[in-house]
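Me: Before I rely on the strand pairings in this predicted model, I would like to go through the reasons for them one by one.

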Amino acid sequence: MSRLLIERPLPHGGRLVERVIEDKRVARKLWKSCNATYEIKPTLHYETGVPVRNVYREIMSICYGFFSPVEGSMKQAEVERVLKERRLLNEWIFPYPLVFDISKDDLNKLGVEVGDRLGLTLKGKPFAILDIEEIYEIDPEELAYKTFGDPEANPEVVREKFDKKHPGWVIYRSHQPWVLAGKYTIINPPKLKPPFDRFWFPPRKSREEFEKRGWRTVINHQTRNVPHVGHEFLMKCAAFTGDVEPCHGILVNAVIGVKRRGDYPDEAIVEAHEAVNKYGYIKPERHLVSIVLWDMRYGNPLESLLHGIIRQNMGCTHHMFGRDHAAVGEYYDKFATQILWTKGIPSFGFPAPPTDVPYGLLIRPQNMREFSYCPTCKEMAYSETCGHKREKLSGSFLRGMVAEGVQPPAIIMRPEVYKVVVKWWKKFGYPFCNEKYVINKEKELEVDLEDL
């Protein structure tokens, strides 16, 4: 049987957005043309005051093309269309509103108007500019509810009304009430700090890397976690299923940003995935670890749309989706993402899968079932492949073992991965994200900036 020829997909929207100025002379002129400057600050939880988001990550991902074709902070009409139809004004599908929000006091202090240019500083140094095209007011609580759907409006997949226990709902509820809309341009490209610097493959660079490696077909593994052996088997099997056997490469793309309490630190996540190929559990020539800057919204099917957009822009041909993709709690149906990619979700604006609607995605989904361990067969495999009683790999159970200082069995977590977890545990004094980690990280960030 002949193999189906798969071509690398075009970026979402037809072209990569690249709004980064490398020439310092040009950058200085643009900076001098700013009408006012504003220091980027993390978004704080509307009740606790703990950081939940930093808009700098959205600016980085927009300007380097991860979110193509989005070019900046969305206008009011675009936000409304995204919430209603999950489409941009130029028709291309997109799941979330992305805005540059500020307080009324800050807006009054800045004194900016439509047509002005706002200089954005980060860590006290010039970072980017925002060309203001519109200024409007939002209701953060209404925005939070409309972003994720509800059981009445989206009965196909939404099971519970969203509330303050959901991290993504909290992010939008914590927005400030005024939005400056317009295009971003980075005029002082930040330098990623170790260990993140060696995993920085923005879309232009990732596409070049795939070409250099001869990877015509690439399947993506989305992660916000250190890998256990079940994740490893997902990657191995996903790369050998579907319409291409085998995929030439496996891209691990880790989401770097504010996580929920109990997630692993970002540093441990990227180095743990690196250990999988460093120690030969997946061939290094078929495996690449990378990052994207984004404060996760935990939006299950909607998050999967963003993940598809990001990885298509990076040049992937396929994306694996498992049960409870990018989920927390019981807000969505456990198979909501797979429902979206196989049948569509009409109430979210998808009468068909995202690949089968106008202005949709080109990346191909690979829906995966759960892996579990069979004590009788003494192997990891799909749950349905034998008739024995199987043991599921529970992330919560694993974290409980790690928290007690117990090294999980090698059949569950590779010893080299556990060593990475312990390394960063010693560094931070705790194995998982907590308020202290988030507060300190938002002070330090993943980047440094030079003087302009």
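Me: Which residue stands opposite Leu120 in S7, and what makes S6 and S7 a pair?
Reply: Leu120 faces Ala128 of S7. Strands count as paired when DSSP finds at least two bridges between them, and S6 and S7 (residues 125–137) are joined by six, running antiparallel, so the criterion is met. Two residues lie between these strands in their hairpin, where Lys123 takes a positive phi near 55°.

Me: How do you know that S1 is paired with S6, and in which sense do they run, parallel or antiparallel?
Reply: Four bridges join S1 (residues 36–39) to S6, and the two run parallel; because at least two bridges are needed, they are a pair. Within this pairing, Ala36 has Leu118 of S6 as its bridge partner.

Me: Why is S6 called mostly covered?
Reply: A residue is buried when its relative accessible area is under 20%, and five of the six residues in S6 (residues 117–122) are buried, so the strand is described as mostly covered.

Me: What makes S13 a partner of S10?
Reply: S10 and S13 (residues 318–321) pair in the parallel sense over two bridges, and because the requirement is at least two, that is enough. Here Asn220 stands opposite His319. S10 is also joined to S11 (residues 249–256) by six bridges, again parallel, with Ile219 opposite Ile250.

Me: Which residues of S10 point one way, and which the other?
Reply: Val218, Asn220 and Gln222 point one way, whereas Ile219, His221 and Thr223 point the other way, and all are buried.

Conventions: Residues numbered from 1 in each chain as written. Predicted model: local features only at pLDDT ≥ 70, side-chain atom pairs only at ≥ 80, totals over all residues. Heavy atoms only, no water. Buried < 20%, exposed > 50% of the residue type's maximum accessible area, 1.4 Å probe, protein only.
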